[in-house]
Amino acid sequence: MTSEWKDADTMQDLLESGEVYRNPTEVKMSQIVLPCHANHCGELSVGQLLKWMDSTACLSAERHAGCSCITASVDDIHFEHTIGVGKVVNIIAKVNRAFTSSMEVGILVTCEDLYTDRQWKVCHAFATFVARRTEAGKVQLKQVIPLTQMEQMEYSLAAERRRMRLIHAEIITDLLSSSTAQLGECQEYQDAVPAERTRVESVELVLPPHANHQVSTFGGQIMAWMENVATIAASRLCNAHPTLRTIDMFHFRGPSHIGDRLVLKAIVNNAFKHSMEVGVCAEAYQGGEPLRHINSAFMTFEVLDSDRKTCTLPRIRPEPVDGKRRYKEAIARKKIRLDRKYIISCKQTEVPLSVPWDPSNQMYLSYNNVSALKLMDTRNNWVLTSEKNKVRLYTLEENQMLCFKVEMHVSVPAEQTFHLLSDLRRRKEWDQHYEECEVITQADEDDTLYRVATPSFSKGGKGQDFILLASRRKPCDSSDPYLIALRSVTLPTHPPTEDYTRGEVLCAGFTIWEESSIITKIAYYNQATPGVLPYICTDIAGLSSSFYSAFSACSHFLEANKDSLAALPPSALQRNSAAMHCLQKEQ
């Protein structure tokens, strides 16, 4: 038995014995905010906070890895509150999931008032750390074993967040190029401030106090220097002290070391009514060598009055050529941020049923779609309502919402099951509620938009139709299931019609677990909305057997098509064709 599984058994014994459980990778830091940590407004410098956050997260990563780690990236951070002198900053960091040589660390920052015993959340962030290569070679990280429901949820979502990070730069580039092309010329404003006036350039010499225990420039220190020049640029626009609200993803392009000269540059890209975007970059050099790109970020600032209300900001006049490009890209990024906040930051119960779909929010809608299904899958308080011939129906009533889960096993390989259930056009072969199904658009390899029509529930009534986003995910490793997540979206090209009542699906889909090479466990989930309740309420009350009939038919459908090549995607068919060709040559 490996040490990680021994650790898991020990922690499980702790949970069962009733002792207080603490995640073995968890690291806590508490700091009282002193005047030396604060700006002239008596508020904690965000740069100092970023240093504390990075330090705490690094210690958590190293506790899990057992070796030195470096900061690779920090996801978008939204600061909900400022922190005053005399308050206590509490930071908790723990490893959510480890991959091959990288790991995601979750960071929670809260503020504590020692006099009133009140605490509140400041921000929540996710950082990626990479284990440094040792003398023995590249490090293979041990797996994280999630035990609590919260740990299982974060473990599952970490894989989806990793997927977003890997495609983030490419998708943002595509969105910016398509969005800026539609914006036309920059709008001219009277009394606009020339962008050149906000330009800041500063150089820092990296000394031993700025380095971590690996003699590399501390990632938190670089972030603090970047925040400093960005704040100066923002102050030059508004002639006031700005408050940093949001930082877009930090991504470290390369290392910096003691002796480096770090050149930090910042400029206001665009100013909106109540906020401004500042672009900032860090480059390093030693001696006469060329500049090395270390990091870039976009920071959003506001200016608050004495009542903590946002002030109206002056407009910016961009520089020619590159300045106009940055000006337009800032407008596009603002829309992307609003989409992201609208879709991802809301609690599941607050997200509207049908969010408009377009290419600018596809990445975030897909993330929300898969995350909602994963959240349902990690819940452990499902109640078994009925069971018939090994088809189990579970229900869960929570936050005035009714969720249900249907579970069964089939003798079909998991990958084939995934491909058969992924194509919603084939669902009418086993589900009587699917009368019509057409592909509207194939957004990418993993996301497809469908229009689904269902028959009328009542005699003489209208049928329902749904515009669904189907998001497919293959397992990140053996501890993950295959996923097919479904949710309603709206499309201007497909408005409601008189022939059908437009229905809504908040969250539905399949998780497909490989239990052996031929045995697969399937779980179907649905977070019931008024539109689908008429189809399921009698089943949950135990008055009908259509649930069993539908999933029994699903089982027969999968069994009958388990050897069908039509279910496989083109890439799999090409692999099969190549294998057959090689076999023929050998013969």
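Of the 587 residues in the chain of this predicted model, 52% are buried. The chain exposes about 28,000 Å², and carbon and sulfur atoms supply 52% of that area. Its secondary structure comes to 10 helices and 25 strands. Among contacts between residues at least 6 apart in sequence, 69% join residues at least 24 apart.

One residue through which to look at such pairings is Trp 513, which lies in strand S24, a strand running over residues 507-514. Leaving aside residues up to four places away in sequence, Trp 513 touches Ile 519, Thr 520 and Lys 521, and also Ser 479, Asp 480 and Pro 481, together with Asp 377. Tyr 482 is 31 residues apart from Trp 513 in sequence, yet their C-alpha atoms are 6.5 Å apart in space. Even with these contacts, Trp 513 has a relative accessible area of 25% and therefore counts as partly exposed, because the partly exposed class begins where the buried one, under 20%, ends.

Elsewhere in the chain, the reader can turn to the surface, where Ile 32, Leu 34, Leu 114 and Tyr 115 make a nonpolar patch of about 460 Å². One of these residues, Leu 34, lies in the loop between strand S1, residues 27-32, and helix H2, residues 46-65. The relative accessible area of Leu 34 is 38%, so this residue is partly exposed, and a value over 30% is also what a residue needs to take part in a patch.

Notes
Residues numbered from 1 in each chain as written. Predicted model: local features only at pLDDT ≥ 70, side-chain atom pairs only at ≥ 80, totals over all residues. Heavy atoms only, no water. Helix = DSSP H or I, 4+ residues; strand = E, 2+ residues; numbered from the N terminus. Buried < 20%, exposed > 50% of the residue type's maximum accessible area, 1.4 Å probe, protein only. Contact = heavy atoms within 4.5 Å. Patch = residues over 30% accessible without salt bridge, like charges linked within 9 Å, V, L, I, M, F, W, Y side chains within 5 Å. Areas by Shrake-Rupley, 256 points an atom, 1.4 Å probe, with all protein chains shown as cover. Salt bridge = Lys/Arg side-chain N within 4 Å of Asp/Glu carboxyl O.
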